[in-house]
Amino acid sequence: DFMDPPPQDNILNSMYQLWVLGALDNTGGLTGLGKQMVEFPLDPPLAKMLIVAADLKCSNEILTIVSMLSVPPVFFRPPDRAEASDAAREKFFVPESDHLTMLHVYQQWKGNGYRGDWCNDHYLQVKGLRKAREVRAQLLDIMKQQRVAVISCGTHWDVCRTAICSAYFHNAAKLKGIGEYVNCRSGMPCHLHPTSALYGLGYTPDYIVYHELVMTSKEYMQQVTAVEAQWLAEMGPMFFTIKDSLTSRIDQKKKVKESKNAMEAEMSEYQKEKVAKEKVTADKISARLAKERGSIVEPGTGLRRKEPGTPYRTPRRIGL
């Protein structure tokens, strides 16, 4: 039995997401970034985050964050010790980001010698952390094979938030009310989860990016990071622009129109090249088939063959 093909809308949506991330060019071919992303056994946004982090010189920290995102949540909350576990969780919070909170947890675990009893004292899943350590080692080997630099940014974690924004700018949300946001693209309402590091923050940032939405009683965002508006305009120019004067807006519309015309011209040129290549391939196949038909020897056609085969005429009998 053969698998049913996926719906065309799903394929188009996936290709659109890859184009947004820069993995596909305007004609649907893999870009240089896309060829690098293919080598990582990760979701496309996580693979891009790793590659961009090398350019931003924070790939060591982003490698840890990606590894922690690849395993189930490491915090656990037993019902009989809920307050104690919440207090232990708050000690690891990095106010600007849930991603950086996971980085902080891993670094503290590493600083304490990867001990299991330390995890139990701080209500952390030791199995999940060990799995994250294994994933990190595997990804580190792939990065070395692909010659992606592993560089640490030290304690300058703002550049890590920039790398996270480069991969999840399509999941950006804008502040609407207390703890309530709306997706910048779809306008869908989404809320901070009570377990998020940003939930108990003294202020709520104007713009955030999130890993995914989870629907329970509300649409809750998981793994949220505060970002700057300038980062969104820089990393996702196809979605976001900085609002300026009337002249700037006119220039922006002009640039968008020119970009659209350039994309259409590129696609038209690609289609012409594709038709020309198909024609050349068809001509080669036709020529080869004609040559093969002409080289077939049939009995009685008068063609003599040098190699052994069917004789031209029946040899004369000698003897009786």
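Buried, in this talk, means under 20% relative accessible area. By that criterion, 34% of the 320 residues of the protein chain count as buried. Please keep in mind throughout that the structure before you is a predicted model.

Let me begin with the overall architecture. The secondary structure of the protein chain amounts to eleven helices and five strands. If we take the contacts between residues at least 6 apart in sequence, 61% of them join residues at least 24 apart.

I turn now to the pockets. The largest pocket holds about 560 Å³ of space. Its lining is made up of 23 residues, and those nearest the centre are Pro 73, Arg 89, Thr 195, Gln 222 and Gln 223. Two or more lining residues come from each of helix 4, spanning 59–69, helix 6, strand 4, spanning 207–215, and strand 5, spanning 219–227. Which of these elements gives the most to the lining? That is strand 5, with four residues. In terms of residue class, the lining of the largest pocket comprises twelve nonpolar, eight polar and three charged residues.

The second largest pocket has a volume of about 310 Å³. It is lined by 16 residues, with Trp 19, Pro 237, Met 238, Ser 259 and Met 263 closest to its centre. Helix 1, residues 8–21, and helix 11, residues 246–294, are the elements that each supply two or more residues to this lining. Helix 11 gives the most, with six residues. Here the classes divide into nine nonpolar, four polar and three charged residues.

Next, the charged side chains. How many salt bridges does the structure hold? There are three, and I shall take them in sequence order.

In the first pair I wish to show, Arg 77 meets Asp 86 at 2.8 Å, N to O. Asp 86 counts as partly exposed, because its relative accessibility is 26%.

Next comes the salt bridge of Arg 115 with Asp 117, in which the closest N and O atoms are 3.0 Å apart. Arg 115 is partly exposed at 36% relative accessibility, and Asp 117 is also partly exposed, with a relative accessible area of 41%.

The remaining pair is Arg 161 and Asp 158, whose side chains meet at 3.1 Å, N to O. Both residues belong to helix 9, residues 158–168, where they are three residues apart, about one turn of the helix. Are the two partners buried or partly exposed? Arg 161 has a relative accessible area of 8% and is therefore buried, whereas Asp 158, at 40%, counts as partly exposed.

Arg 161 deserves a further remark. Leaving aside neighbours within four places in sequence, Arg 161 is in contact with Glu 96, Leu 100, Thr 225, Ala 226, Val 227 and Trp 231. Of these partners, Thr 225 lies 64 residues away along the chain, yet the C-alpha atoms of Arg 161 and Thr 225 are separated by 7.0 Å.

Thr 225 also brings us to Asp 98, since Thr 225 is among the residues that Asp 98 touches. Asp 98 lies in helix 6, residues 98–111. Which side chain of opposite charge is nearest to Asp 98? It is Arg 89, 7.9 Å away. A salt bridge requires a side-chain nitrogen within 4 Å of a carboxyl oxygen, so that separation does not qualify. Asp 98 is thus a buried residue with no salt bridge. Beyond four places in sequence, Asp 98 touches Ser 196, Ala 197, Leu 198, Gln 223, Val 224 and Thr 225. Two names here recall the largest pocket: Arg 89 and Gln 223 are among the residues nearest its centre.

Finally, consider Met 37, which is found in helix 2, residues 32–38. Met 37 counts as buried because its relative accessibility is 7%. Apart from residues up to four places away in sequence, Met 37 touches Ala 23, Pro 44, Ala 47, Lys 48 and Ile 51. The C-alpha atoms of Met 37 and Ala 23 are separated by 7.5 Å, and the two residues are 14 apart along the chain.

To close, I would recall two residues from this predicted model. Arg 161 is buried and has a salt bridge with Asp 158. Asp 98 is likewise buried, yet has no salt bridge.

Terms used: Residues are numbered from 1 along each chain as its sequence is written. This is a predicted model: local features need pLDDT of at least 70, side-chain atom pairs count only at pLDDT 80 or more; totals for chains, interfaces and linings use all residues. Side-chain values use heavy atoms; hydrogens and water are left out. Buried means under 20% relative accessible area, exposed over 50%, partly exposed in between (1.4 Å probe, protein chains only). Lys and Arg count as positive and Asp and Glu as negative; His and the chain ends are not counted. Contact means heavy atoms within 4.5 Å. On a 1 Å grid over the protein atoms alone, a cavity is a set of points where a 1.4 Å probe fits but cannot get out, and a pocket is an open set with protein on both sides within 12 Å along at least five of seven lines; lining residues have an atom within 4 Å of a point. Grid points are joined across faces, edges and corners, and a volume is the space filled by probe spheres set on the points. Ala, Val, Leu, Ile, Met, Phe, Trp, Tyr, Cys and Pro count as nonpolar, Asp, Glu, Lys and Arg as charged, and the others, Gly among them, as polar.
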